[in-house]
Amino acid sequence: MGKQNINTIGVMTSGGDAPGMNAALRAVVRASIYNGLNCKGIRLGYQGLIEDNIFSMGPRSVSNIINRGGTILKTARSKEFTTKEGRKKAYENLKKNGIDALVVIGGDGSFTGAKIFSEEHDVKVIGIPGTIDNDIFGTDFTIGYDTALNTVINAIDKIRDTAQSHNRVFFVEVMGRDAGFIALNSGIACGAQDILIPERKDKIEEMFDSMERGRKTGKLSSIIVVAEGEELGGVYDLAKFTKIKYPDYDIRVTVLGHIQRGGDPSCADRVLASRLGIAAVEGLLQGKTRVMAGVRSNKIVFTPIEEAIQKHNEIDQELIKVSDILAR
Ligand code: F6P
């Protein structure tokens, strides 16, 4: 038995995939080996734990994945794990495979599962925030967010070309679940005329004012970035109401969808994932459990998993101001 009675670490990816999850997995596997521990991969998240889809991982099983999007472990949102019986089966498989501690790479749904699991059963758990949404408290950035932002701005830059050629207004919907981080940052980076996010409680009249302001100074095309969780209604409704108000506007809608989840991870995501993977293993060896590893002001920090789930990162008011000032 190694330090803190940990001999074997189990690692899984869970919930929505995010670019950089593979880099985090690689770091967990190699940091385990570096510290003299065994590492076992669990395929398909909690469902794989329930179905005993578990295998030993060595340094070569994570070769050539640091640059790959998606997750080689695959991922799932398991219904069965939300039941007590499902979690009992999962625990039995954990014991059968000699796993003493679990690293869960995922978002808040996955952390909720980890928390309940470790309260019910004798297992140490540590979370690594992997989601494009950047909506996890206890870290400045989640793994996958930077890559998703870059994917979004590449797509919107292309939309801008055609919007400008045709003098069109485009409503572009981006992901983020009920958070507006992707929308706000990509909107600033793409020079959006307006950015609608759930945190701001936008009013449609304000969006119309912003459009009119642009028109008055000769703007003939514009891009409105809309977070999927925006409460005014979806992009299609916004386009419809805008057409009613301005019948002469030529309006189009683009929903970027799951392209935002794929692709090779950016440098920032690979480095973040590598750091957090190592931090998770070291945290376990220091006796930490039911915490999430994150970065705050470029330093590794650990946050109780309960707080990571319950609290929310605030939208930066300075960024709202930047977007407002520049949308002229
Ligand atoms: O949490 C990541 C995310 O991509 C959200 O932005 C989005 O709301 C959701 O997952 C989509 O989930 P699914 O892939 O199950 O459609």
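What volume does the largest cavity have in this structure? Before I answer, let me say that what we are looking at is a predicted model. The structure holds one cavity of 30 Å³ or more, and the volume of the largest cavity comes to about 50 Å³.

Let me turn to what surrounds that space. The lining of the largest cavity is made up of V169, Q193, M211, G214, R215, K219, L220, S221, S222 and Y249, and by character these residues divide into four nonpolar, four polar and two charged. If we ask which element gives the most to this lining, it is helix 7, residues 204-216, with three residues.

That brings me to helix 7 itself. With 13 residues at 1.5 Å a residue, helix 7 should span 18 Å, and because its end C-alpha atoms are indeed 18 Å apart, the expected and the computed values agree. Its buried residues, by which I mean those under 20% relative accessible area, are I204, M207, F208, S210, M211 and G214. Seen down the axis of helix 7, these buried residues fall within an arc of 160°, and so they line one face of the helix. As a general reminder, an α-helix has 3.6 residues a turn, so residues three or four places apart point the same way.

As for what lies over that face, the cover of the buried residues of helix 7 includes strand 6 (168-174), strand 7 (194-196) and strand 8 (222-227), together with helix 8 (235-245). Finally, on the backbone after the helix, I would point you to G218, which follows helix 7 and has a positive phi, near 95°.

Key: Residues are numbered from 1 along each chain as its sequence is written. This is a predicted model: local features need pLDDT of at least 70, side-chain atom pairs count only at pLDDT 80 or more; totals for chains, interfaces and linings use all residues. Side-chain values use heavy atoms; hydrogens and water are left out. On a 1 Å grid over the protein atoms alone, a cavity is a set of points where a 1.4 Å probe fits but cannot get out, and a pocket is an open set with protein on both sides within 12 Å along at least five of seven lines; lining residues have an atom within 4 Å of a point. Grid points are joined across faces, edges and corners, and a volume is the space filled by probe spheres set on the points. Helices (H or I, at least four residues) and strands (E, at least two) are DSSP runs, numbered from the N terminus. Ala, Val, Leu, Ile, Met, Phe, Trp, Tyr, Cys and Pro count as nonpolar, Asp, Glu, Lys and Arg as charged, and the others, Gly among them, as polar. The expected span of a helix is 1.5 Å times one less than its number of residues. Buried means under 20% relative accessible area, exposed over 50%, partly exposed in between (1.4 Å probe, protein chains only). The arc is that of the directions from the helix axis to the C-beta atoms. Contact means heavy atoms within 4.5 Å.
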